[in-house]
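Me: I am new to this one. Can we go through what its labels rest on?

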Amino acid sequence: MLIRNRLTIIFTLLATAIQVTLSLLVWYFYSLYRQEEFYSRLESKARVAGRVLISRRHLHDDFFKNMVRTDLLTIVEEQISIYDHQHNLVFTNRTLKESDYYKEKIPLLATESMFEFKSGHLESIVVRYKDRGQLFYIFASGYDRIGFAKLGTLQQILLLANLLGFALIVLAGWYFSGGVLKPIADIVDEVEQITAMDLHKRVNEGNRRDEIAQLAMTFNQMLFRLEDAFVSQRSFVSHASHELRTPLTNILGTLETSLRYDQNPADWCESMEVSVEELKKVITLTNGLLGLAKVTDGTVALTSVQVDDCLLTAIGQVQAKYPGRNLPLRFMTSEDESFTVKGNATLLTTAFLNVLDNACKYSTEAVSVELIAKKEQITVTVADQGRGITEADAAHILDPLYRGKNVEDVPGYGIGLAVTQKVIDLHQGIIQITSNVNKGTSVTISLPSQA
């Protein structure tokens, strides 16, 4: 079901429920008002009958009957009955068939001056009346034809009003929901027009304050991230294609030349050696790309890992690659801190290895390594005294396959630091790089320790 239809139905149900409830309350309180008004009229009739029939001694003549004929406010089916203190009927203006039924109501006046009750379709009251020390009980009954007619008319008016109100509520709900959802519909239309070729487009953010504006702002933030990802992907594909094309072209050219012109085994060996070296470059680049893909696929299992063991393993591999290079390691920790993190030992070792390999690759001096555990955080710092990184290259140093202008003469593909950043992000850590040209580079990796 469309949200507009659902909102219309909910709005209609709520508004109709409120309208019907108010109508019922109007009908109910008017019904109470009619009843109280009619009982008040009956009480007035009973008091008048007491003053005329009892106080003026007209119980046994036709004075009251003559008075009733001239009374313009006579109640429909009006009945007046009077009982003495011994509960004997002393007067009635109609043939009374419910004499015993009325007598049963007299004891109910023991604590009250007036009692109201119903007898069939008639509404009745009984009041006490004293005259010259004698006690009488006066009953007054009647049918409120006018009051019930008004109540019936009110019911018809409320019914018609509710039907008309229901129709208006449906229309109002339809237009109201349409107006509320229009900004969302506009956003949907704008988003549908954005493709991979024009990710620079943005959604109108409206007033930038309400929830719909926040939705539009969220879409724009997502578009910013998508645009950055597409740009990075294009750059990555361009660099990867270039890096792979060069050694493969060299291999193909060397083998074709050897096939056509080499005549002796020595030339064949030389061509094969060149091809093998180029193939090693392709394998190294491919392994780096596979490692980057493995880190970003999100399927790595994390367990408790000792950072110091991973770092020592990485240092051992770098020293084997660069024999004679000095890699002093300094530990700092308190008694209640440890070097344990939640992570993957292989990936952490690779991250440290990439940082140490870069430090040794671009510097001939000693590379200092520092491991510190403090305040639930483990910090690894690798500092060299090499070429450093220019300001222009620093903004892209973590991009895959990006290499600085001042290191083009050094073999490499610019994948190591990109893999390291992905690994550190996977471990919820932070990598910071500070560098000065021709003075050296310092790489700091911070990881949250495991409690």
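What follows is a set of short questions and replies on this predicted model.

Me: What makes strand β5 largely enclosed by the rest of the structure?
Reply: Count its residues. Strand β5 runs over residues 134–143, and seven of these 10 are buried, so the strand is largely enclosed.

Me: How do you know that β1 and β5 pair?
Reply: Pairing needs at least two bridges between the strands. Strand β1, residues 76–83, shares six bridges with β5, in the antiparallel sense. Six meets the cut-off of at least two, so the two strands pair. S81 stands opposite F139 of β5.

Me: What about β4 and β5: how do you know that they pair?
Reply: The test is again at least two bridges. Strand β4, residues 122–131, and β5 have nine, also antiparallel. V127 stands opposite I138 in β5. The hairpin of β4 and β5 has two residues between the strands, and R132 there takes a positive phi near 55 degrees.

Me: Which residues other than glycine have a positive phi?
Reply: E77 is one of them, with phi near 55 degrees. E77 lies in strand β1. H87 also has a positive phi, about 65 degrees, and is not a glycine. H87 belongs to the loop between β1 and β2, the latter being residues 89–92.

Me: Why are E77 and H87 called partly exposed?
Reply: Buried means under 20% and exposed means over 50%, with partly exposed in between. E77 has 35% relative accessibility, so E77 counts as partly exposed. H87 has a relative accessible area of 27%, so H87 is partly exposed as well.

Me: Why is the contact of Y83 and F139 called an edge-to-face aromatic pair?
Reply: The structure holds eight aromatic pairs. In this pair the ring centres are 5.4 Å apart, with 75 degrees between the planes. Rings pair if their centres lie within 6.5 Å, and planes over 60 degrees apart count as edge-to-face. Both values pass, so the name fits. The pair links distant parts of the chain: Y83 is in strand β1, F139 is in strand β5, and they are 56 residues apart. Y83 and F139 are both buried. Along with F115 and F117, they form one aromatic cluster.

Me: How do you know that the charge of R34 sits over the ring of F148?
Reply: The distance part of the test asks for the charged end to be within 6 Å of the ring centre. For R34 the value is 4.1 Å from the centre of the F148 ring. That is within the cut-off, and R34 is listed as sitting over the ring.

Me: What makes D357 and K321 a salt bridge?
Reply: Side chains of opposite charge can pair when their charged atoms come close. The cut-off from nitrogen to oxygen is within 4 Å. D357 and K321 meet at 3.0 Å, so they form a salt bridge. The pair links distant parts of the chain: D357 is in helix α8, residues 345–361, K321 is in helix α7, residues 307–321, and they are 36 residues apart. The structure holds seven salt bridges.

Me: Are these two partners buried or exposed?
Reply: D357 is at 12% relative accessibility, under the 20% limit, so D357 counts as buried. K321 has 54%, over the 50% limit, so K321 is exposed.

Me: Why does K361 with D357 count as a salt bridge?
Reply: Their closest N and O atoms are 3.7 Å apart. This is within 4 Å, so the pair counts. K361 and D357 both lie in helix α8, four residues apart, about one turn of the helix. K361 is at 25% relative accessibility, so K361 is partly exposed.

Me: Which residues do salt bridges with shared partners join into one network?
Reply: They join R34, E123 and D144.

Me: Where is L32, and why is L32 called partly exposed?
Reply: L32 is in helix α1, residues 3–55. Its relative accessibility is 32%, between the limits of 20% and 50%, so L32 counts as partly exposed. L32 helps make a nonpolar surface patch of about 670 Å², together with I18, L22, L25, W27, Y28 and F29.

Definitions and conventions. Residues numbered from 1 in each chain as written. Predicted model: local features only at pLDDT ≥ 70, side-chain atom pairs only at ≥ 80, totals over all residues. Heavy atoms only, no water. Buried < 20%, exposed > 50% of the residue type's maximum accessible area, 1.4 Å probe, protein only. Patch = residues over 30% accessible without salt bridge, like charges linked within 9 Å, V, L, I, M, F, W, Y side chains within 5 Å. Areas by Shrake-Rupley, 256 points an atom, 1.4 Å probe, with all protein chains shown as cover. Salt bridge = Lys/Arg side-chain N within 4 Å of Asp/Glu carboxyl O. Phe/Tyr/Trp six-rings, centres within 6.5 Å; stacked < 30°, edge-to-face > 60°. Lys NZ or Arg CZ within 6 Å of the ring centre and 35° of its normal.
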